Amino acid sequence: MSTFDLITAGLPTFYNFYSLFLVIAGSVLGIIFGAIPGLTATMGMAIFLPMTFAMSDINGMLFLIGIFVGACYAGSLSSILVNIPGTPSAIATGFDGYTMAQKGEAGRAIGYSTVASALGGLFGVLVLMFAAPFLAGLALEFGAQEYTGVALLGISIVSYISFGSTMKGLIGGIIGLLLAAVGQDVITAYPRFVFGSKDLQAGLEMIPVMVGFFGVTEVLTKLEQEKEIKIAIAKIRNVLPSLSKLARMSPMMAVSSIIGTFVGAIPAAGGAIASMAAYGIQKRFSKRSREYGTGIAEGVVAAEAANNAAVGGAFVPMLSLGIPGDPQTAILIGALMINGLAPGPMLFATRPDLISTIYLGNVLSVIVFAVVGLLGARSFAHLIRVPRHFLLPGIMIFCIIGAYAIRNTVFDIWVLLACGVLGYLLQKIGIMPAPIILGFVLGPILEDNFRRSLIMSGGDWTTFFTRPISLVLLLVNLFILLAPYVMGFFRRVLSRPTREKTS
Amino acid sequence: MTAVRRDAWTTFVFCLLLGGFIFADTLRYPEVQGQGFGQGPAFYPQLLAGALIFLGALILLQGLNSKRDAATGEEVDAKNRSIRYAPVVLLMALCLVLIALMKYLGFFVSGFLLTFLTVRLIRHSLKMRHLIADLGFSVGMIIVVYLVFEVFVGIELPGSIFLD
């Protein structure tokens with residue numbers, strides 16, 4: 001199937017008003033979740049995942065993609081208006097966005113942020129449309145050894161990049177892998193860690209675990225904080241940006257979009273790193289370098305184009321390899337699995353309509369947030385004021401129903417609470433929920449492929465080193481895990497002569 | 001003890017306990033003969049448990065050798081004083097009780113109680129208008145849940161055994 005056919009195969013989905021409505025509803029919900037500080041795209045997707053049970057696989061994906069894309073955009077609203085990023089990917093937006101708001105240009109900052117987000121988002125999807133089928137074609141050559149390497153790569157990159165200490169990230173990943181090992185063994189069907197419970201025989205359900213670690217943990221963390229902070233919101237006027245200025249900024253928007261898409265495609269890097277990297281690079285090479293941080297539109301555009309382009313990038317490893325690049329794509333993979341679909345290269349051959357719907361759903365969500373952002377910025381600004389005494393109990397109730405809904409059993413609510421408390425306690429020692437969830441999603445892929453590789457080789461571990469792609473993947477893994485220590489060593493060695501000279 | 005060391009010890013003890021528990025549990029799993037290496041159900045969890053203990057030990061070593069973070073236990077305690085654990089414990093206790101009672105009360109009654117009591121727990125206000133607002137919010141929340149999940153999604157939420 002040609003790339004063009006793959007892009008257009010899902011068009012009939014959008015002739016249906018219900019599907020269109022779900023994209024719009026998802027995007028608006030995403031904007032709400034993104035705009036309220038403390039609520040994230042991940043939490044929104046995890047909480048609303050059970051609602052997709054009543055939908056077809058395509059409609060469910062459209063709804064969740066809407067939330068994902070909408071929330072990634074809306075994080076900038078609170079970042080600009082009150083200097084509290086709604087989502088981690090909007091941190092860099094606040095550097096100039098909030099300063100613009102203080103100068104009375106909040107509306108203009110939102111306008112530039114919206115347009116840059118939309119163009120960055122569209123660029124990311126465009127790259128996705130061409131890169132994902134290409135990568136999926138390569139992945140068809142992969143055997144069990146290569147998939148073992150890819151799954152390990154997912155865990156090691158996640159541990160390295162985004163969640164503090166590499167080793168604690170790895171511990172989180174292993175905890176996720178162990179949680180995934182609960183239930184029947186994939187090879188012998190022997191029940192592991194079930195302690196006589198019939199409910200545990202089939203393993204832990206994905207939704208209670210995800211919602212527990214992302215939703216309940218977050219509620220408990222917010223609950224422990226002292227009283228609510230009263231925030232003053234800047235007034236919004238003149239949202240529409242100047243077209244001539246936008247045209248002048250188009251080259252930098254393109255560069256930021258390229259950086260964002262590339263960084264987004266690296267598992268675990270995500271929008272936060274993408275926007276910081278793009279902001280840093282634009283600041284370094286701009287003629288107005290010194291003005292960054294003082295409230296210029298270029299700063300907002302650099303960050304926002306990148307973090308929204310990263311969304312399209314994140315879909316590349318998810319669709320082509322079946323590997324979640326970040327917690328949001330882990331939830332999307334969970335949604336596909338619930339519908340009996342295995343994301344990966346085969347999906348391009350078996351369900352081109354679904355792949356196309358994912359592309360087009362992304363495009364439509366971008367259009368929705370652009371329209372809503374430009375027309376409704378004033379209304380969404382009020383969301384920032386939602387008091388937490390209403391917000392947290394509401395989230396808790398949705399988490400409980402989400403856990404219950406998957407199998408209609410109260411046992412899953414207990415799993416939810418246990419995961420929430422475990423996530424909360426582990427956070428106290430620096431082990432964050434995201435690597436745990438990525439480990440949990442990657443667990444079955446890793447164990448199945450790892451053990452099948454060993455069966456096929458008769459227990460010969462060199463099987464992972466004798467196949468070229470597998471060897472490269474393992475070397476990349478090794479490099480990622482050792483890089484911080486090697487770099488630290490060289491830094492110490494290089495700084496030694498300087499210190500000796502000064503002493 | 002510095003904060004880094006305390007953190008490293010906690011992580012190590014956690015990894016050791018979890019890894020040890022996995023080893024202890026998997027020791028009773030059957031051995032699978034004749035299918036090559038690594039085919040028993042214990043193989044994979046034991047590998048992970050070993051990695052967990054190894055990483056825990058590395059973190060401990062790193063923490064014991066660390067000189068960078070000089071924060072003392074007292075400094076961390078002072079910082080932690082701004083954190084309130086009581087609401088966290090109370091919310092979990094509420095959840096435990098109300099979910100255990102869900103079989104008898106049904107989802108709607110226990111869900112309402114959980115919402116209302118959690119709002120009260122966070123708000124800390126005895127004003128009558130706040131009480132009415134909280135009641136209204138809790139009732140509204142349960143109505144929304146009913147409409148969205150039971151009517152729209154079609155999920156049958158747990159009922160009360162007294163009403164069945």
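Mentor: Two residues are in contact when their C-beta atoms, placed from the backbone, lie within 7 Å. Keep in mind as we go that this is a predicted model.

Trainee: Thanks! What covers the buried residues of α2(A)?

Mentor: Let's look at the helix itself before its cover. Helix α2 of chain A runs over residues 17-35, and its buried residues include A:Leu22, A:Gly26, A:Leu29 and A:Phe33. The cover over the buried residues includes three helices of chain A, namely α3 (41-48), α4 and α16 (352-381).

Trainee: How far apart are the end C-alpha atoms of α2 in chain A?

Mentor: We can start from an expectation. The helix has 19 residues, and at 1.5 Å a residue it should span 27 Å. The model agrees with that, because the end C-alpha atoms are apart by 27 Å.

Trainee: Which helix gives the most to the largest nonpolar core?

Mentor: That core has 204 residues, and among those with the most contacts inside it are A:Leu64, A:Ile67 and A:Phe68. The helix that gives the most covers residues 57-82 of chain A and supplies 17 residues. The name you want is α4 of chain A.

Trainee: From which domains of chain B does this core draw at least three residues each?

Mentor: The core also has residues from chain B. At least three residues come from each of two domains, namely domain 1 (3-80) and domain 2 (86-153).

Trainee: Which residues does A:Leu64 touch, beyond those up to four places away in sequence?

Mentor: A:Leu64 is one of the residues with the most contacts inside the core. Its partners are A:Gly26, A:Met45, A:Leu49, A:Thr52, A:Ile331, A:Leu332 and A:Ala335.

Trainee: What is the radius of gyration of chain A?

Mentor: The C-alpha atoms of chain A fill a box of roughly 70 × 65 × 55 Å along the principal axes. For 503 residues, a compact globule would have a radius of gyration near 23 Å. Chain A agrees with this, at 23 Å.

Trainee: And what share of the residues in chain A is buried?

Mentor: Chain A has 21 helices and 2 strands. Of its contacts with a separation of 6 or more, 79% are between residues 24 or more positions apart. Out of 503 residues, the buried share is 61%.

Trainee: How many helices does chain B have?

Mentor: From the N terminus on, the elements of chain B run α-α-α-α-α-α-α. There are 0 strands, and the number of helices is 7.

Trainee: Which helix of chain B gives the most to the side that touches chain A?

Mentor: The contact takes 52 residues from chain B and 44 residues from chain A. On the side of chain B, α1 (3-26), α2 (43-65), α4 (86-100), α6 and α7 each supply at least two residues. With 8 residues, the helix that gives the most is α2(B).

Trainee: By class, how many residues on that side of chain B are nonpolar?

Mentor: Let's set the other classes aside before we get there. The side of chain B that touches chain A has 11 polar and 5 charged residues. The nonpolar residues come to 36.

Trainee: What do the buried residues of α7(B) pack against?

Mentor: The buried residues here are B:Asp134, B:Ser138, B:Met141, B:Ile142, B:Val145 and B:Phe149. One partner helix belongs to chain A and another to chain B. They are α17 (388-405) of chain A and α6 (107-123) of chain B.

Trainee: Is A:Ile236 buried or exposed?

Mentor: A:Ile236 sits in the loop between α10 (206-223) and α11 (243-265) of chain A. Its contacts include A:Ala106, A:Ile110 and A:Ala377. A residue needs 20 or more other C-beta atoms within 10 Å to count as buried. A:Ile236 has 22 such neighbours, so it counts as buried.

Trainee: What is the phi of A:Asn408?

Mentor: Most residues other than glycine have a negative phi. A:Asn408 lies in the loop between α17 and α18 (411-428) of chain A, and with 11 C-beta neighbours inside 10 Å it counts as exposed. Although A:Asn408 is not a glycine, its phi is positive, at about 55°.

Note on methods
Residues numbered from 1 in each chain as written. Chains lettered and ligands numbered in written order. Predicted model: local features only at pLDDT ≥ 70, side-chain atom pairs only at ≥ 80, totals over all residues. Core = buried A, V, L, I, M, F, W, Y, C linked by C-beta atoms within 7 Å. Buried ≥ 20, exposed ≤ 12 C-beta atoms within 10 Å, placed from the backbone. Helix = DSSP H or I, 4+ residues; strand = E, 2+ residues; numbered from the N terminus. Domains from an automatic or database assignment. Nonpolar A, V, L, I, M, F, W, Y, C, P; charged D, E, K, R; others polar. Rg over C-alpha atoms; globule rule 2.2 N^0.38 Å. Expected span 1.5 Å × (residues − 1).
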